[in-house]
Amino acid sequence: MIDIHSHILPGIDDGALDFDSSIEMLRVAEKSGVSDIILTPHYIRGSIYNADNAKKWKLLSELRERAASEGISVNLYLGNEVYIDTELPKMVAAYENEKSELMYEIATLNSTKYILVEFPVQVEDKTARETLFSLVQHGFVPVIAHPERYVYIQNNLTAVDELIGMGCVLQGDYLAVLGRYGRRAEKTLRELLIHDKIFCLASDIHKATDEYKFNETKAKMYKILKASDGVKAGMTPGAKLKELFEDNPKKILLGE
Ligand SMILES: [Fe+2]
């Protein structure tokens, strides 16, 4: 599996507290069969989650060294989970013009055109539409983190059609199908999968005690996907699972 959403980079958000926790999380990931992980700490402008890219690259480089010395062979890449912000198009436009990943604060997913974006959970951000559209116009592909957890989407599933229509892709937190985020998120992710709205799945792992739980998750998803539009279009549930956990995350990793 390729995991495009994780909070393993130490000491800059509510994920891993220190390098020891990061290493423990990487061990759990490797044991579960994860080959590649994009480290996506929260970025919220004006909050304490605002580490600049120079700091993040330095931490990544140290974590790579420590992981290698511990015999861990998972490939690590940098990204951010960026909180929706009206300044976002300006910030990434500057990034695009300068082509220097060290100069700006937001890391796109493995320095590709894909940018992981999150919204407020309880209330719909009415400015999001314009911000996302502007990102698309700049050539970026917004990857919407965990759509199943936003109340406005739980209340109205067709809200995702506008996001997809403008050029965003949806990333589900797969542990939602096991009830990790409550019954409404569970039901919402199930519906989004059945209607083939989800582009890829990721762990959103925050601590070493989190588990990847692939076997349990895949067994449940297999049942869900048997009834999905994607599978009706000629795919087996197994092939669809591979697309969600491996093929589409790989497209993001490679910037395809
Ligand atoms: Fe996250």
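These legends accompany a set of close-up views of one predicted model.

**View 1. The whole chain, to get our bearings.**
Welcome to the predicted model, whose chain holds 10 helices and nine strands. Its radius of gyration is 17 Å, close to the 18 Å that the globule rule gives for 256 residues, so the chain is as compact as a globular protein of that length. Along the principal axes, the C-alpha atoms fill a box of roughly 45 × 40 × 30 Å. Buried residues account for 41% of the 256 residues. If we take the contacts with a separation of 6 or more, 75% of them join residues 24 or more positions apart.

**View 2. The open sheet and its edges.**
Here we meet an open sheet of six strands, paired in parallel and ordered E3-E5-E6-E7-E8-E9. Which strands stand at the edges? They are strand E3 (42–43) and strand E9 (200–202); each has a single partner strand, so one side of each is left without a neighbour in the sheet.

**View 3. Strand E7 and its partners E6 and E8.**
Let us now zoom in on E7, residues 141–145. Four of the five residues in E7 are buried, which leaves the strand mostly covered. The chain arrives at E7 from E6 by way of helix H4 (residues 128–137), in a β-α-β crossover that is right-handed. E6 and E7 pair in the parallel sense over four bridges. Two places to look are Tyr 114, whose bridge partner in E7 is Val 141, and Ile 115, which stands opposite Pro 142. E7 is also joined to strand E8 (residues 169–173), in parallel, by three bridges. On that side, Val 143 has Val 169 of E8 as its bridge partner.

**View 4. The largest nonpolar core, seen around Leu 109.**
In soluble globular proteins, nonpolar side chains tend to be buried together. The largest nonpolar core of this model has 68 residues, and those touching the most other members are Ile 4, Ile 8, Leu 109, Ile 115 and Val 143. Helix H10 (residues 237–254) gives the most to this core, with five residues. Which residues does Leu 109 touch, not counting those up to four places away in sequence? The set is Ile 4, Ile 38, Gly 79, Tyr 114, Ile 115, Leu 116, Val 143 and Ile 252. Two of these may look familiar from the previous view: Ile 115, opposite Pro 142 in E7, and Val 143, paired with Val 169 in E8.

**View 5. Asn 110 and Ser 111, two residues with positive phi.**
Most residues other than glycine have a negative phi. Asn 110 is not a glycine, yet its phi is positive, at about 50°. Ser 111 also has a positive phi, near 60°. Asn 110 is found in the loop between helix H3 (88–98) and strand E6 (114–118), and Ser 111 likewise lies between H3 and E6. Why does Asn 110 count as partly exposed rather than buried? It has 19 other C-beta atoms within 10 Å, and a residue needs 20 or more to be buried. Ser 111 is partly exposed too, because 14 C-beta neighbours lie inside 10 Å, while 12 or fewer would make a residue exposed.

Note on methods
Residues are numbered from 1 along each chain as its sequence is written. This is a predicted model: local features need pLDDT of at least 70, side-chain atom pairs count only at pLDDT 80 or more; totals for chains, interfaces and linings use all residues. Two strands pair if DSSP finds at least two bridges between them. A nonpolar core is a set of buried Ala, Val, Leu, Ile, Met, Phe, Trp, Tyr and Cys residues joined through C-beta atoms within 7 Å. Two residues are in contact if their C-beta atoms, placed from the backbone, lie within 7 Å. A crossover is right-handed if, with the strands pointing away from the viewer, the path from the first strand over the helix to the second runs clockwise. The radius of gyration is taken over C-alpha atoms; the globule rule is 2.2 Å times the number of residues to the power 0.38.
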